[in-house]
Structures are given as structure tokens and as C-alpha cells.
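Colleague: Please take one part of this model and look at it closely. I would like to start from a single loop and follow the packing from there, then hear about the ligand and any unusual backbone.

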Amino acid sequence: MVSTKGKDIRELALKYYGIHSSEWKTEGEPGDYQVWVEGKGCRVTDSTGKTYIDGFAGLMYKNIGYGRKEIADVAYEQMKKLTSVPTSSPAPATESQVLLAEKLAQITPGSLSKTTYTSGGSESVETAVKIAKAYHKLNGQPGRYKLISRRGTYHGYTHLTMALMAQSPFTAAYEPLVYGVKQVSNVKCYRCDFNLTYPECKLECARELERMILAEGAETVAAVVMDPVSHSDIVTPPKPEYWPMIRSICDKYGVLLIDDEVVTAFGRTGKMFGTENWDVVPDIMVTAKGITSGYLPLGAVTVKEEVAEKFGAGFMHIITFGGLPAPCAAALKNIEIIEREKLPENAASVGAYLLEQLKALMKRHVCIGDVRGIGLMTQTELVANRETKEPLPREVTPQLRKRVQDNGLIARIRSGMISIFPPLTFTRAEADEAVGIVDKTLTEMEKDGKLPS
Ligand code: PLP
């Protein structure tokens, strides 16, 4: 039990703390809250002293793992020197802000070169959309205001980003959502919206984008907002033709391509940036999360030179804590570690190994319908019937989540899908351990008759 100056933290949490996406209980057991006290590498320890593998890297952001003193040191040095900038004229900047922008220009593909900061992913997506809309006005096409995203894809939980997702039950409580956002299908080959199979499908999911642009009127569409590989629903690495097709459709109709790399950037897919897997350069790239590996809050929006040059007279936008000097210094050190330790390469090789081991479980567990992934983004989908792909009964998922965690692995488990996105420092031994926990849990639940066997 954690006790600080005689206070029981779990009891206080029950009374005062409204945790995101959790029940706001005012009564219950202090044990309803799990209080975390320490992290090291890929492991986290709670206040009872139990240690777990963090198979979801916090919330898909702890790319360099926990407990890096180097990051704490640079943040401390920066904070001692300067914690924020005064509202000076002309435009205020600090060394770490500028050097990070330079670094992002060096490592992002193509002519992506100008970066502006926010304090996280949702704000970065919102900022990118503002840039896209303003760009079209400055470019003599003021009628372009609509956005096209993919159904069920998570881009954040602010009002606009919820509209990009537009997926009940996550957004139902907040409707009506923001006007002018349209959706096309996502890539999800195992449960294709068109009931087609690759390659006969001829990438219907990509071609739907062209139909949507034409139906809306190309002259009204400002931007397409997509993430390289979605994680919120079915995790499916797109086929090789998909992203090049999306790029060429956007080019054909003068629509800007906003690449939401909040989860995929900084190595997760096995490349530094997700769209590099398909040699595609977006017009605007959005990053956050892994930019500091979650050591401090930061988001970044990096735009192509051709887009940036339209804003010579200014981009009207203010986010007070967007790009504070210490998070920027932490991001620079974080990127240095990612490059030095070759973490994208590690994500590619350990990710391939993890995927192989998870696929091997299919031989022993008929409840596994599909295993898919790219880099260190893997998803194992459990089904009630492998032949028909009938989903698991709803009540099984919470039991599965609890058992996997009790056995020592934190993963995201929703709708019978086990998503493992660990820190990018993950080793083969840790992958074996995580797969062992999944195996053990499935075996236990099969014995109890909770899963088909
Ligand atoms: N975009 C994607 C793809 C995300 O996964 C997330 C968060 O998970 C966001 C945007 C929003 O980021 P934040 O929670 O930092 O606002």
C-alpha cells in the first residue's frame, strides 16, 4: 500500500481523481485503483510490489522504455536554465526548440521541413487541419474545407479529432460531432468492409477514397487524414500498393495528405516513420507520443516546404505550452537514443519474431482467428469459431484482460483482440515471456470453458 505523509493514495484516488476513460467512482474499495510506482526498461511495478511487462508501452509511447536517466538529466539542465519563453518580439524561440525542428527536418522524408509544436497528439492533428484549411485559402481555393478520414480510426479525443473517428460507442455521448468530416473504410483485410480478398479486391478500400472525393466535389475537400497503420480497431499493415494509391489520389485532386504518425513515428513500425515503409511522403506529418517517449508532453506538426512557404505572412495559432524548452530538449535526447540504439531496426526484427511466435500459438489454440502486425505493433484476434470468424462473446474480453494482467502482461485487450505494442527496446527473451503469458492464459481459459478448445 502506498502511503505518502500518512495518506493512502488509493483511497484518495477513489475520492478525488477522475481518471480518463475510467469509471468515476465515489464509493468502492481503495483497491479499485492500481497505483504505479516505478518503471525500468519494459517493466513497471505497482504499489503492491508486483512487476509486469508493459506490453502497451504506456499508451504506445514509451519507445525507449522506462527509467532513462539521460532524459531526466537534459530536462533538468534545461529547466534550470530556462523553462519557457517570454512573449518577446520578433518571434520568440529557444535553442532546444530550434534544434529539434532542425533534427525533424533532417530525419523526416522528402521536403518536410518546417515544424510547429503543440503539447500532444490531438492538438497536433487539430493544428495540421488548420494548416491545411488555411493553406487552401492562401492558395486561392477557399472552398476547400472538408476532411476525409477512415471510419473508426483514432486521432484523439478533442471535438474535431472525435469527428475524424466518428465511432460509436466512443463518440455517441458527444454528438453532434464537428461538421464537414467524411469517412471511408479502413484497411482491415481479416474483416474487410467490402467482403473482398486481396489481391482480387484491387484495393477497394483505397479506391473508395477517390469515389468519396468525387462525390463530395474535389473543390470542397481540404485534406485526407490517415495514420500509416491504425491501432484502435483492427491492426492491419496495408498492402504495398495502398499508400502509394492514397498519395496519388490526393495529388490528382489537389487534396493535402495529413499523415498522423502519433503512434507510428520514431520507430514503431520498423522504420523511423510509418509511411517510409511505402516510400510515401505526406504534405503534413503529425507526431507526438514517441517524440519524447512520454517523458514530457510534446507534439509536433511538420509541413512540406511548398506548404510552409504560403505562410510567409504568419500562421495564426497559439498553444501556450506547445513546445516548451524542456520537452524539446528531452525529444532531442530521445531521438538521439532511438538512433544510437537502432530502435527502429530492433522493432523490425523483434517485431517479426514476436509475430512469428504469436502465429505459432494458432496451432495449439483454435480460439485464435488471426495474428497480424508490423514492427512492434501486433494484434492477436480471438474468435468463437475460426471457420466462421464469429467474434467472442462480449463478456469474455474483460475476463481475458484481467487474466492476462494477473499473469504479468499489460496489453490492450478489446473485443477479443490482444494488442501488444511494447517499448522498442523489447528483446527476444521479453517477447518469449509475453507470448508465454498469452499461451498460459488461453490454456487456463480453455480449461475453464471460457474459450473454445
Ligand atoms: N493520433 C493517434 C493515431 C493516436 O493514437 C492518438 C492517441 O492515442 C492521438 C492522435 C491523440 O494523441 P493525444 O492523446 O496525445 O492527444
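Modeller: Start at Lys342, in the loop between helix 10 and helix 11. The model is predicted, so read what follows as a description of that model. Lys342 has a positive phi of about 50°, although it is not a glycine.

Now follow the helices on either side. Helix 10 (325-340) and helix 11 (343-360) each give two or more residues to the largest nonpolar core. That core has 56 residues. Other elements that give two or more residues include helix 4 (95-107), strand 6 (112-118), strand 13 (368-374) and helix 13 (428-447). Helix 12 (396-406) and strand 18 (417-420) are on that list as well.

Why does this core lie between domains? Domain 1 (34-64 + 342-447) and domain 2 (70-340) both contribute residues to the core, so it sits between them. In general, nonpolar side chains tend to be buried together in soluble globular proteins.

Five members touch the most other members: Leu100, Phe266, Leu382, Leu409 and Phe426. Take Phe426. Beyond its neighbours within four places in sequence, Phe426 is in contact with Cys42, Ile53, Asn346, Val350, Leu354, Leu376, Ala431 and Ala434. Another core lies apart from the largest one. This other core has 31 residues, among them Ala206, Leu209, Ala218 and Val255.

Next, the ligand. Among the residues around the ligand are Gly120, Gly121, Ser122, Tyr154, His155 and Gly156. Asp227, His231, Asp260, Val262, Val263 and Lys289 are also around it. Three side chains give short polar distances. A polar side-chain atom of Ser122 is 2.6 Å from a ligand oxygen atom. For Lys289, a polar side-chain atom lies 2.9 Å from an oxygen atom of the ligand. Asp260 pairs with nitrogen instead: an N or O atom of its side chain is 2.6 Å from a ligand nitrogen atom. Taken alone, the ligand exposes 390 Å², and the protein buries 84% of that.

Back to the backbone. Asn195 also has a positive phi, about 60°, and is not a glycine. Asn195 lies in the loop between strand 8 (181-184) and helix 7 (204-216). Its relative accessibility is 72%, over the 50% cut-off, so Asn195 counts as exposed.

Two peptide bonds are cis. One runs from Ser89 to Pro90, with omega near 0°. Pro90 is in the loop between helix 3 (69-81) and helix 4. The other runs from Glu175 to Pro176, with omega near 5°. Pro176 is in the loop between helix 6 (159-165) and strand 8.

Terms used. Residues are numbered from 1 along each chain as its sequence is written. This is a predicted model: local features need pLDDT of at least 70, side-chain atom pairs count only at pLDDT 80 or more; totals for chains, interfaces and linings use all residues. Side-chain values use heavy atoms; hydrogens and water are left out. A nonpolar core is a set of buried Ala, Val, Leu, Ile, Met, Phe, Trp, Tyr and Cys residues joined through side-chain atoms within 4.5 Å. Buried means under 20% relative accessible area, exposed over 50%, partly exposed in between (1.4 Å probe, protein chains only). Helices (H or I, at least four residues) and strands (E, at least two) are DSSP runs, numbered from the N terminus. Domain bounds come from an automatic or database domain assignment. Contact means heavy atoms within 4.5 Å. A residue is near a molecule or strand if one of its heavy atoms lies within 4 Å of it. A polar contact is a pair of N or O atoms within 3.5 Å; within protein, one must be able to donate a hydrogen and the other to accept it, and residues adjacent in sequence count only if both atoms are side-chain atoms. Accessible areas come from the Shrake-Rupley method with a 1.4 Å probe; for residues, only the protein chains shown count as cover.
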